[in-house]
Amino acid sequence: MIDELKQFPYPFKDDVYRYSNNSTLMERPICVEVTRKYKEEVLLKRELLQEHPERCFQALNHTNEVQWEAVQLVMEDLATQYPEYFSLEKNGSRWEFMNKILDEKTEFDFGGSATLSYAPLDFIGRHVQEDLIIMMERDGDLFLDAGQLCFPSNWSLAFKLGMNFKDIHFPIPRFNEEGLDERILRFLLRIEAGNPWWRKNWSLMAGARLDTSLETFDVWGKERRKVTSENAGEIVHLRVEVQKLFRMPKSNAILFTIHTHLLPLQSFIKNRDWLKQFYAVLSELPAHIADYKGISAYRNAILEFLKKHLDEDGWPENE
C-alpha cells in the first residue's frame, strides 16, 4: 500500500481546481516510464489493438518519417533508462531492439517500414504503457496526425484525427471563451527540442477500466449510476494522466505521451493530507467542470464517503 501511494502521481497543488496550463519543465527528460504494471498494461494494449485496430491506431499518410523519429526517441529512452529491461543495438541502418520483459527481439532496417510487422508508431507503442500522439506543426498551428490510443479518457482518436489543436479541445467548457486554448497553443508552439515539459490531468472513474474510449461509453458510463457513499471507496478510482511533451528536432513535430494511472479511493484516503485536500477540491469544483469530467452524477456520494473518513480522523468541520 505504501509503495502504491508513493508511486501514484498526485495531481493537486491547491484546494481549488481550474483548467490551466500547469505544465512544468521535466527534470528527468524521459518520454516513457516502466512501472510494476508494465506487462499487464502492455498486454492489454495489444489485446485492444488486435480487437479494435481502427479505434486504437490511426495515422495520416504523410507521417511515416515522423513516426520513425518517435520510434528512435522511445527506443533510446527505454534502452538508456531501463537497460535491465531493454536493449538497442545499431549497425548502420540495421537495428536490433530487445524487450527483455516480454522476451522479444526485433531486427529491422531503421526507416524501412516493410521490415516491421506494424506501422512504426504502432510497433513501438506495443512496447510501452503510454498512449502516443503525434502533433505536427504547419501554418502556425498543431494537428493530430498520428496516434496509438488504447486508454483514452472519453474521446475518440478516429474522430479527432487531422483536427487542429483548438478543434480537438472545443468540447471543454469555457476553454475557448476564457482564451485558454490560444494561450496553451502558443505555449506548445514555443516548446524547444531538448526541453520537454510535462503535466498531470485528473478525472474520476467508476471502475478500474483503462479503456474509456468514447466508442465504449455504453459499457463503462452506466457504472456511474452504481456509486453510493457505501461503495465509493471500492468502485471509484482517481484517474491521473501523466502527459509529456517532446519536440522532435528533425520534423519539428511534438510527441505527446500519456501514461494513465488508477488508484481506488479506499487506497487514496490512506494518505490523510490527500484526503483533506481532495475533499476541498471536490466540494468547491464548479459545476461545468464536474459535468465535463463526468463526476456530477455521483459527486455527492463521493463527498459523503470522504466526509465520513474525515470525521473519523477527527478533523474539525470548518478546517
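Start by selecting α12 and colouring by burial: W274, L275, Q277, F278, V281 and L282 are the buried residues of this helix. The model is a predicted one. An α-helix has 3.6 residues a turn, so residues three or four places apart point the same way. With that in mind, look along the helix axis and compare where the buried side chains lie.

Stay on α12 and pick its two end C-alpha atoms. The helix runs over residues 272-284, and these atoms are 19 Å apart. That agrees with the expected 18 Å, because 13 residues at 1.5 Å a residue should span that length. Next, add N271 at the start of the helix: one of its side-chain oxygens comes to within 3.1 Å of the backbone nitrogen of D273.

**Strand β7 and its partners**

Select 141-148, which is β7. Is this strand mostly covered or open? Eight of its eight residues are buried, so by definition each has under 20% relative accessible area.

Now show the strands paired with β7. Strand β2, residues 57-59, pairs with β7 in the antiparallel sense over three bridges. β6 also pairs with β7 in the antiparallel sense, over seven bridges. Centre the view on A146: A59 stands opposite this residue, and I134 has A146 as its bridge partner in β7. Then move to the hairpin of β6 and β7, where two residues lie between the strands and D139 takes a positive phi near 55°.

**The largest pocket**

Select H169, I172, N201, Q243 and Y292, which lie nearest the centre of the largest pocket among its 46 lining residues. The space there is about 1100 Å³. Elements that each supply at least two lining residues include β6, β7, α8 (180-190) and β9 (236-247). Which element gives the largest share of this lining? It is β8, with seven residues. Colouring the lining by class gives 29 nonpolar, 11 polar and six charged residues.

**The second largest pocket**

The second largest pocket holds about 690 Å³ of space. Select Q7, P9, E33, T35 and H261, the closest to its centre of the 31 residues that line it. At least two lining residues come from each of α1 (2-7), α2 (38-51), β8, β9 and β10. β10 provides the largest share, six residues. By class, this lining divides into 14 nonpolar, seven polar and 10 charged residues.

To finish, display β8 and β9 with both linings: each of these strands supplies at least two residues to the largest pocket and at least two to the second largest.

How values were computed. Residues are numbered from 1 along each chain as its sequence is written. This is a predicted model: local features need pLDDT of at least 70, side-chain atom pairs count only at pLDDT 80 or more; totals for chains, interfaces and linings use all residues. Side-chain values use heavy atoms; hydrogens and water are left out. On a 1 Å grid over the protein atoms alone, a cavity is a set of points where a 1.4 Å probe fits but cannot get out, and a pocket is an open set with protein on both sides within 12 Å along at least five of seven lines; lining residues have an atom within 4 Å of a point. Grid points are joined across faces, edges and corners, and a volume is the space filled by probe spheres set on the points. Helices (H or I, at least four residues) and strands (E, at least two) are DSSP runs, numbered from the N terminus. Ala, Val, Leu, Ile, Met, Phe, Trp, Tyr, Cys and Pro count as nonpolar, Asp, Glu, Lys and Arg as charged, and the others, Gly among them, as polar. The expected span of a helix is 1.5 Å times one less than its number of residues. Buried means under 20% relative accessible area, exposed over 50%, partly exposed in between (1.4 Å probe, protein chains only). A polar contact is a pair of N or O atoms within 3.5 Å; within protein, one must be able to donate a hydrogen and the other to accept it, and residues adjacent in sequence count only if both atoms are side-chain atoms. Two strands pair if DSSP finds at least two bridges between them.
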